[in-house]
Structures are given as C-alpha cells and as structure tokens.
Amino acid sequence: MSRRNEKLSLGAFLLFTGHHVAAWRSPQASDSQSLSDFVQFARIAEDAKFDAIFLADMVGVRVDRIEASSRKAHSGVYPFEPLTLLSALAAVTSRIGLVATVSTSFNEPFNVARQFASLDRLSGGRTGWNLVTSTESSAALNFNHDGLVPHAERYARAEEFADVVLGLWDSWDEDAFMRDRSSGRYFDPDKLHLLNHQGRHFKVRGPLNIPPSPQGRPVLVQAGSSGPGKELAARTAEAIFTAQQTLEDAVSFYADVKGRLPNYGRDPDELKILPGIFPVVADSESEAKEKFDELQSLILPQVGLDLLAGFLGAPEIVHADPNGPIPALKETEGGKSRQALLLELARREGLTVRDLYLRIAGARGHWQLVGTPTQIADQLEERFQNYGADGFNVMAPTLPGGLTDFVRLVVPELRRRDLFREEYEGTTLRDHLGLRRPQPARRPAAVAAE
C-alpha cells in the first residue's frame, strides 16, 4: 500500500521551557511564564500550518522528593491551567487546533463536557480533549484519595467518563436552536435529547447546556498505550498520542489499535495515530549533536534519577547505583505502558541506570531524533509510509528555539516531499486531521421522555 497522496499531521506539544528536563537551565529557552510567551509559540505553529497545539497538565506537585523536584521545571508546577490558557490562545489564533489534557480521575464528566464544548464554540470548532488517567500519587492526594488509584479502576472510570461526555456532547441536534422571533420559540424541544446515564461511577441526566459547535463536537484524543488504553482508544478516541522507539514497534502498535476499531463498528480512518517525537535539528549532523550534548550536560544526577523513578513508578531507583543495571522492579500502578517501554529499551541496549535517565531526559520515552533536516525527514517519512504513524506530535527540546528550528529546517523538507500541507484547507480541527463529522447516537427527544 502507498500513502503518497496523503499528508501527515503535525502537532506542537508546548511544554513550557521545552521538553528536555534541563531545558530551563539553557540560555536558549524562554522562561515561558507569561501569556505572551505562549502566544508566540502558538503563532509559530499556526504560521507553519500545524494541525494543533497540545498542552499537558498535572494537578499535583511532587513534594515527596522535594530536593530533586526543586531542581526541575517539570515538577508538576505549571504556569497556567490548560483550558484557561487555550481560551486566551483561541482569541489570538484563527485556524490551529487547540488540544488540552484533562484527567478523568479527578473531574466530573458534566464539567469537562461543558468546558470543552464552550471552548470549541469560542474557537470556531478547533478544540480537542486529551483524555488521560492520572498516574501521579501527588495528584491523588489532592482529591480525597490516600494514594494512586489502581490502574484497572482508573480505566474503568475513564471508559464510563468518556461515554458520558460523548453522550452529553450529543444533547442537541445541529439545528435545534431555531431562535424564531416571530413564533417566540428559541429551540425545538424535539431536537433535545436527555442522556439519563446511570452507571457504576456516574449518574448524569443531562442535557448539556451548551449548543453544538461548528465541528459537531470536540475531537477526542487519548494518550494511553497499555492494553486497556488501546481498547479505550479503539472504542472512543479519534486521535491517539503514543510512544514507540522502533519502526517495528510503531508498525505493530498501529496495526494493533487500528485492527480493534471494526469491533466497535468503526472504520480505521476514524482514528489518527500521532506518536511523540523529540527532534534536535541543525544544518549539519555535528551541530545537531553539539546542541543535544549541551542540553545533556545540564542534567544534574539527582534530577536524572528522580525523572527515571517517576517514569518507572519505582521511588527506590533514586538510591540505585547509577553505573549498575536497572534493578528488578514490581509492576507499577502508574503508567504501565511507559514502564514496559523503558525496561525493554534498557534490556535491548544494555543500558545502566545513568544511561537510561540520560536517554529519556529529553523525549521521556518518545522517539528521539538528532540530525539534519534530511536525516529527520527521512525517518519521519519511513515511519509514515510504513503505517507506523499518521503524523507526529513535535516535542521541541527548548522553546521557542527548538520549535523554530523544526519549522525552519524540517517542515520545508517535508513539503518538498509533498508530505505536509502548504496551507490550511479547512477551518476546524476535524478538517485538519481529516476526520469526518461525528454521527451522534440518537436518543429519544426530551419531550417524549417526560
């Protein structure tokens, strides 16, 4: 099969200061603490015709290892809550998609449905919700829990949560709001549908008190890659943010997830797979390596160990011999897929503890690319053409410089190969991603239910 007539998608994952764990120490990185910084980042991505900008979130500060946390920008402290920030960015952008991470573990479906529906209308249909199940015990302690909620329980709640949100987004037919002054009727009650959901975790009548958006409803993005995560994505998601190290793993993951969609009456084209990439690019290979080595030199050992402990779900790693192999670990209740990925990476390449934390300090388990525009474009094209990805979420090592480098050097090379758009062809996030307008599951009209 060939994808020569297709274009890949590009997202810009905006993590303040940049994705490298030591980026904040680099003179090349912005402080990224003001709205004007994020306006600049968003406009760089929009001017380059990216599909979307993507914001992560955490709702807990890591104070259990406070000394190490105090030396990291990525300690759970964020300059802005993502939906608030995207509301501001919606006003200063016009075409780029706006994707925010909100956890199903510590929120209520009605609130999440309402907030994203509102942002979708404010932005003219450019919003996406990145559904995650929180993996940090520091967050759980802020929401009436004594520790991290077990993995299986988080996903059971997430599945029901997604069903409720999707149902609420389908509360109104597109033409429900007549606003007919002559008849005095504001909306047609026959086109209002109550959810009446009663489940294990939630009891929600509905309807959502926000009219439909220009793209029907926000795009549902999902970030889990464990077995339950893949099943949830196949059933509900329209884009999935994932991490694979090798072409073989990427192709296998792509086929696995896409192959699950027919089980839910869905076409494989209804889900876009968008792995994260961490690109360090320069005009020459030696210059790119020098830029990367400079960032690596800023990593403090205690920060590297703390980073590894968090991703492996193993606090004891901070006391491990940095020059020794990864010790035997229990299966985590946190990010299971990321733990498995990192342990397999260490096993496959014979990495020590220090080797592994240095390896993930930038990409944190995602695909790391260091080289020239041609070298990076070659690898992206190979993964795209071999059905290992539908596009990529660009995790710039520093902001704004790392994103600007990718836009200036790699994007023109992708366009030369006819792999990326020259101009936007639509106005909504669904348009950019090539996703069809959703067909809502119709429920009886509210008047019939009374």
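Colleague: What volume of space lies in the largest cavity?

Modeller: In this model, which is a predicted one, the largest cavity holds about 170 Å³ of space. The structure holds five cavities of 30 Å³ or more, and about 90 Å³ lies in the second largest cavity.

Colleague: What makes that space a cavity and not a pocket?

Modeller: The distinction rests on escape, because a cavity is a set of points where a 1.4 Å probe fits but cannot get out, whereas a pocket is an open set. Around the largest cavity there are 16 lining residues, of which Ala-52, Phe-54, Val-99, Leu-274 and Asn-393 lie nearest its centre.

Colleague: Which elements give two or more residues to the lining of the largest cavity, and which one gives the most?

Modeller: Those elements are strand 1 (9-13), strand 2 (52-55), strand 7 (219-222), strand 12 (391-394) and helix 15 (429-433). Strand 1 gives the most, with three residues. By class, the lining of the largest cavity divides into twelve nonpolar, three polar and one charged residue.

Colleague: Which residues line the second largest cavity, and what classes do they fall into?

Modeller: The lining consists of Leu-14, Leu-15, Phe-16, Phe-38, Leu-55, Ala-56, Tyr-78, Pro-79, Phe-80, Pro-82 and Leu-85. Since Ala, Leu, Phe, Tyr and Pro are among the residue types that count as nonpolar, the division comes out as eleven nonpolar, no polar and no charged residues.

Colleague: What is the lining of the second largest pocket like by class, and which residues lie nearest its centre?

Modeller: That lining has six nonpolar, five polar and twelve charged residues. The second largest pocket, with about 550 Å³ of space, is lined by 23 residues, and Arg-217, Arg-266, Glu-270, Pro-438 and Gln-439 lie nearest its centre. The elements that give two or more residues to this lining are helix 6 (151-169) and helix 7 (227-236), and helix 6 gives the most, with three.

Colleague: Phe-38 and Leu-85 both appear in the lining of the second largest cavity; which residues of helix 1 and helix 3 meet one another?

Modeller: From helix 1, Leu-35, Phe-38, Val-39 and Ala-42 meet Leu-85, Ala-88 and Leu-89 of helix 3. The residues of this contact divide into seven nonpolar, no polar and no charged. Helix 1 (residues 35-47) and helix 3 (residues 82-90) pack at an angle of about 65°, with their axes 10 Å apart, and the crossing is right-handed.

Colleague: Why is Ser-105 called buried or exposed, given that it lies in a loop?

Modeller: Buried means under 20% relative accessible area, and Ser-105 stands at 10%, so the residue counts as buried. The loop in question runs between strand 3 (97-103) and helix 4 (109-122). Leaving aside residues up to four places away in sequence, Ser-105 touches Thr-133, Ser-134, Arg-154 and Arg-157.

Colleague: Where does Phe-384 lie, and why is that residue classed as buried or exposed?

Modeller: Phe-384 is found in helix 13 (residues 373-385). Its relative accessibility is 0%, and therefore Phe-384 counts as buried. Phe-384 and Lys-258 are 126 residues apart in sequence, and their C-alpha atoms are 15 Å apart in space.

Colleague: What makes the backbone of Asn-196 and of Arg-364 worth a remark?

Modeller: Phi of Asn-196 is near 50°, a positive value in a residue other than glycine, and Arg-364, not a glycine either, has a positive phi of about 55°. Asn-196 lies in the loop between helix 6 and strand 5 (197-198), and Arg-364 in the loop between helix 12 (353-360) and strand 11 (367-371).

Colleague: Why do Asn-196 and Arg-364 fall in the accessibility classes they do?

Modeller: The exposed class begins over 50% and the buried class lies under 20%. Asn-196 has a relative accessible area of 45%, so the residue is partly exposed, whereas Arg-364 has 12% and is therefore buried.

Colleague: What values of omega go with the cis peptide bonds before Pro-207 and Pro-400?

Modeller: For the bond that joins Gly-206 and Pro-207, omega is about 0°, and for the bond that joins Leu-399 and Pro-400, omega is about 5°. Pro-207 lies in the loop between strand 6 (203-204) and strand 7, and Pro-400 in the loop between strand 12 and helix 14 (401-416).

Key
Residues are numbered from 1 along each chain as its sequence is written. This is a predicted model: local features need pLDDT of at least 70, side-chain atom pairs count only at pLDDT 80 or more; totals for chains, interfaces and linings use all residues. Side-chain values use heavy atoms; hydrogens and water are left out. Helices (H or I, at least four residues) and strands (E, at least two) are DSSP runs, numbered from the N terminus. Buried means under 20% relative accessible area, exposed over 50%, partly exposed in between (1.4 Å probe, protein chains only). Contact means heavy atoms within 4.5 Å. Axes are lines fitted to C-alpha atoms, for helices over the stretch in contact, and angles run from 0 to 180 degrees between N-to-C directions. A crossing is left-handed if the near helix is turned anticlockwise from the far one by less than a right angle, and right-handed if clockwise. On a 1 Å grid over the protein atoms alone, a cavity is a set of points where a 1.4 Å probe fits but cannot get out, and a pocket is an open set with protein on both sides within 12 Å along at least five of seven lines; lining residues have an atom within 4 Å of a point. Grid points are joined across faces, edges and corners, and a volume is the space filled by probe spheres set on the points.
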